[in-house]
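Reader: I'd like to go through the metal sites and then the ligand pocket. Can you take me through them one at a time?

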Amino acid sequence: TIPISLVFSLLCLYIVNLVKTLHRSLGYQLKVAVKRGELIAYYQPIIDAQTGYVVGAEALVRWIKPDGSVEPPGRFIQVLEESDLINDVTLQLLKNIPIDLAEVLEQSPQFRCSINLVPQHLESPCFAKQLLELKGKGFPCDQLAIEITERLPLKNLSQAKMNVEKMKALGICIELDDAGTGYGGASYLQELNIDVMKIDKLFVDTLIISPDRTQVLDANIQMAKSLGMQIIAEGVETSFQSEALVEKGVRFQQGYLFAKPLSTAEFIAFWHESHQA
Ligand code: C2E
Ligand code: CA
Ligand code: CA
Ligand code: CA
């Protein structure tokens with residue numbers, strides 16, 4: 001008879017290989033998709049909850065399949081992040097911002113659009129250099145924000161710091177994404193000269209899940225304020241949350257209460273509506 005542990009080991013090996021093959025093939029599909037321009041940005045509005053105006057947007061990648069279906073990044077973002085493809089995709093999204101949002105950027109000089117970066121973008125000088133070149137060609141860096149996530153570790157903080165300084169010098173706003181959920185914490189805040197703290201949905205959720213246990217949310221808000229940072233609250237889904245946040249002094253908000261990530265055309269229409277009201 002075959003020992004059960006051997007059967008188990010073989011089964012595990014089989015599953016690991018299967019997952020690897022699937023990953024590889026998703027990687028291949030993505031490579032083709034990037035070449036064909038199927039990866040584009042959707043834009044989620046950022047609202048001033050006190051006035052109702054759209055003050056900004058976050059660019060979020062979507063895969064538009066040949067059949068027209070729209071796939072959010074949940075299934076593929078990790079594959080992008082773990083390969084060089086993330087560089088092509090980010091650059092492509094970046095270049096499209098002033099084209100997609102031309103009308104908005106022109107009519108509201110205060111409007112900022114943010115884009116999500118991965119550690120690679122900060123740890124090598126390439127991305128900052130590309131931004132410098134784009135600025136030379138008229139890219140509106142003063143209307144751009146970069147989001148640095150705490151979800152992924154930065155291996156070389158001093159290198160990142162140098163590149164972030166270069167981007168800041170171009171007028172780019174530096175935001176800490178997923179604040180309080182991951183690696184960097186206070187060291188990122190201190191070292192990376194962050195302008196804006198994005199408070200994660202996790203903490204915004206506590207307002208409804210356990211309203212008497214919002215200490216971490218409050219502490220994050222306090223920390224951002226005492227460091228002179230602006231705050232954007234993410235994942236705001238109810239007007240109760242929105243009002244509670246405004247009471248705590250957090251007027252810039254993003255979430256399904258206002259809008260999901262929208263296609264360019266939908267976003268422009270949403271922006272017009274917000275400014276007519
Ligand atoms: P994130 O940067 O934290 O982005 C916010 C995510 O929360 C988005 O999911 C957004 O659609 C979702 N969201 C916004 N408001 C609400 C809400 O009220 N309720 C709920 N339940 N969800 C809300 P999405 O677009 O699926 O993106 C998932 C993650 O993928 C992002 O999380 C980000 O980490 C990553 N990602 C997305 N686009 C890019 C990109 O272009 N580059 C990189 N490097 N990462 C990206
Ligand atoms: Ca983000
Ligand atoms: Ca976020
Ligand atoms: Ca998040």
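Author: A word on terms before the ions: donors are N, O and S atoms within 2.8 Å of the metal (3.2 Å for Na, K and Ca), and water is not among the atoms, so sites may look incomplete. This is a predicted model, where local features need pLDDT of at least 70 and side-chain atom pairs count only at pLDDT 80 or more, while totals for chains, interfaces and linings use all residues. Residues are numbered from 1 along each chain as its sequence is written, and ligands are numbered from 1 in the order in which they are written.

Reader: OK. Which residue bridges ligand 3 and ligand 2?

Author: D177 does, and those two calcium ions lie 3.6 Å apart.

Reader: What else coordinates ligand 3?

Author: Besides D177, the calcium ion has D178 (OD) and E234, which is listed twice through OE, all at 2.2 to 3.0 Å.

Reader: And which are the protein donors of ligand 4?

Author: D178 (OD) and D200 (OD), lying 2.4 to 2.7 Å from that calcium ion. D178 lies in strand 6 and D200 in the loop between strand 7 (196–199) and helix 9 (201–209), so the pair ties together parts 22 residues apart in sequence. Strands (E, at least two residues) and helices (H or I, at least four) are DSSP runs, numbered from the N terminus.

Reader: D178 and D200, buried or exposed?

Author: Both are buried, meaning under 20% relative accessible area (1.4 Å probe, protein chains only).

Reader: Switching to ligand 1. Which element gives the most to its shell?

Author: Strand 2, with 4 residues.

Terms used:
Side-chain values use heavy atoms; hydrogens and water are left out. Buried means under 20% relative accessible area, exposed over 50%, partly exposed in between (1.4 Å probe, protein chains only).
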